[in-house]
Amino acid sequence: MLKNITLYVVEDYNALSQKAALLFAQTVKTNPTGVYGLATGSTPEGMYDRLVKMSQTNEIDMTKIVAFNLDEYVSIGPDHTQSYAYYMATKLFNATGVPIQNRNIPRGDAPDPHNECAEYEKKIVNAGGIHLQVLGIGTNGHIGFNEPADTFAGQTSYAALAEETIQANSRFFDSIDDVPKFAISMGIQTIMMAETILLLASGESKAKILGEALQGPITPQVPASALQLHRNVIVIADKAAAKFL
Ligand code: GLP
């Protein structure tokens, strides 16, 4: 493993969620007004659950953090139950008291998505950049919605979802036809600007791609492999996901 990557292998998903929540909470304690990059998907849910509990018992105060989400589906608005805005509100923000004005998520229903991308990128810069960026990983190596491609995506952009991602995410929708085909996503460059990256991976379905991402060639065909070039990456993986590391 590269020395810029700190790897924690834990027993199972519960242990992963616990470790990630403690690490996140520690960072918030040190930097309560910091800028935090957040991810959606199933993987961080356990961490968010714990952060909610910690905030209800006053172990942490998340009311001053500034949050920037990685991505959002295009064509659905923030009230749609499968939008990432809805996910964040219901799984983390409302219960931890993150103020509305500090919740930044690209607008999936923006009239001009390309302009929304440029504005989102500007907002991150104006906020002083991201201190800690939480990431999951897709089974095809995507981070955010940066899908395998011929070049690494730069800044926040309008992105087409890969077929594999549409398949994977169809579990959240009534039918596969309901899964949006496009998203707005922070680019690889945007993600790489974060001071620290916290990558979470759980389960056997992530084992092969996690091995490729962290130990294989750095290639835009495995977008997460760019993380090998970042100066400070923390990976928390459960045993199943860490099988090939
Ligand atoms: C989604 C999201 C990613 C997420 C990934 C893995 O499509 N855009 O940000 O990390 O896929 O999701 P999960 O954690 O559910 O496996």
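**Pockets and ligand in a predicted model**

Q: Which residues lie nearest the centre of the largest pocket?
A: We're looking at a predicted model here. The largest pocket has a lining of 36 residues. The ones nearest its centre are Thr40, Gly41, Ser42, Asn169 and Arg171.

Q: Which element gives the largest share of the lining of the largest pocket?
A: Three elements give two or more residues to this lining: strand 4 (71-73), helix 3 (84-96) and helix 5 (163-169). The largest share is 5 residues, and it comes from helix 3.

Q: How do the residues lining the largest pocket divide by class?
A: The pocket has a volume of about 610 Å³. Sort its lining residues by class and you get 12 nonpolar, 18 polar and 6 charged.

Q: Where does the ligand sit?
A: Start with its surroundings: 15 residues surround the ligand, and Ser42, Thr43, Asp71, Arg171 and Lys206 are the closest. Ser42 and Arg171 also turn up among the residues nearest the centre of the largest pocket. As for the ligand itself, its place is the largest pocket.

Q: How does the shell around the ligand divide into nonpolar, polar and charged residues?
A: The closest residues of the shell include Ser42, Asp71 and Lys206. Taken by class, the whole shell comes to 4 nonpolar, 8 polar and 3 charged.

Q: How much of the ligand does the protein bury?
A: Look at the contacts to ligand oxygen atoms: a polar backbone atom of Ser42 is 2.7 Å from one, and a polar side-chain atom of Thr43 is 2.4 Å from one. For Lys206, a side-chain N or O atom is 2.6 Å from a ligand oxygen. On its own the ligand exposes 390 Å², and the share the protein buries is 93%.

Q: Which residues are closest to the centre of the second largest pocket?
A: This pocket holds about 250 Å³ of space. Its lining is made of 13 residues, and the closest to the centre are Pro78, Ala85, Arg103, Ile105 and Arg107.

Q: Which element gives the largest share of the lining of the second largest pocket?
A: By class, this lining has 8 nonpolar, 2 polar and 3 charged residues. The largest share is 4 residues, and they come from helix 3.

Technical notes
Residues are numbered from 1 along each chain as its sequence is written. This is a predicted model: local features need pLDDT of at least 70, side-chain atom pairs count only at pLDDT 80 or more; totals for chains, interfaces and linings use all residues. Side-chain values use heavy atoms; hydrogens and water are left out. A residue is near a molecule or strand if one of its heavy atoms lies within 4 Å of it. A polar contact is a pair of N or O atoms within 3.5 Å; within protein, one must be able to donate a hydrogen and the other to accept it, and residues adjacent in sequence count only if both atoms are side-chain atoms. Accessible areas come from the Shrake-Rupley method with a 1.4 Å probe; for residues, only the protein chains shown count as cover. On a 1 Å grid over the protein atoms alone, a cavity is a set of points where a 1.4 Å probe fits but cannot get out, and a pocket is an open set with protein on both sides within 12 Å along at least five of seven lines; lining residues have an atom within 4 Å of a point. A molecule sits in a cavity or pocket if more than half of its atoms lie within 2 Å of its grid points. Ala, Val, Leu, Ile, Met, Phe, Trp, Tyr, Cys and Pro count as nonpolar, Asp, Glu, Lys and Arg as charged, and the others, Gly among them, as polar. Grid points are joined across faces, edges and corners, and a volume is the space filled by probe spheres set on the points.
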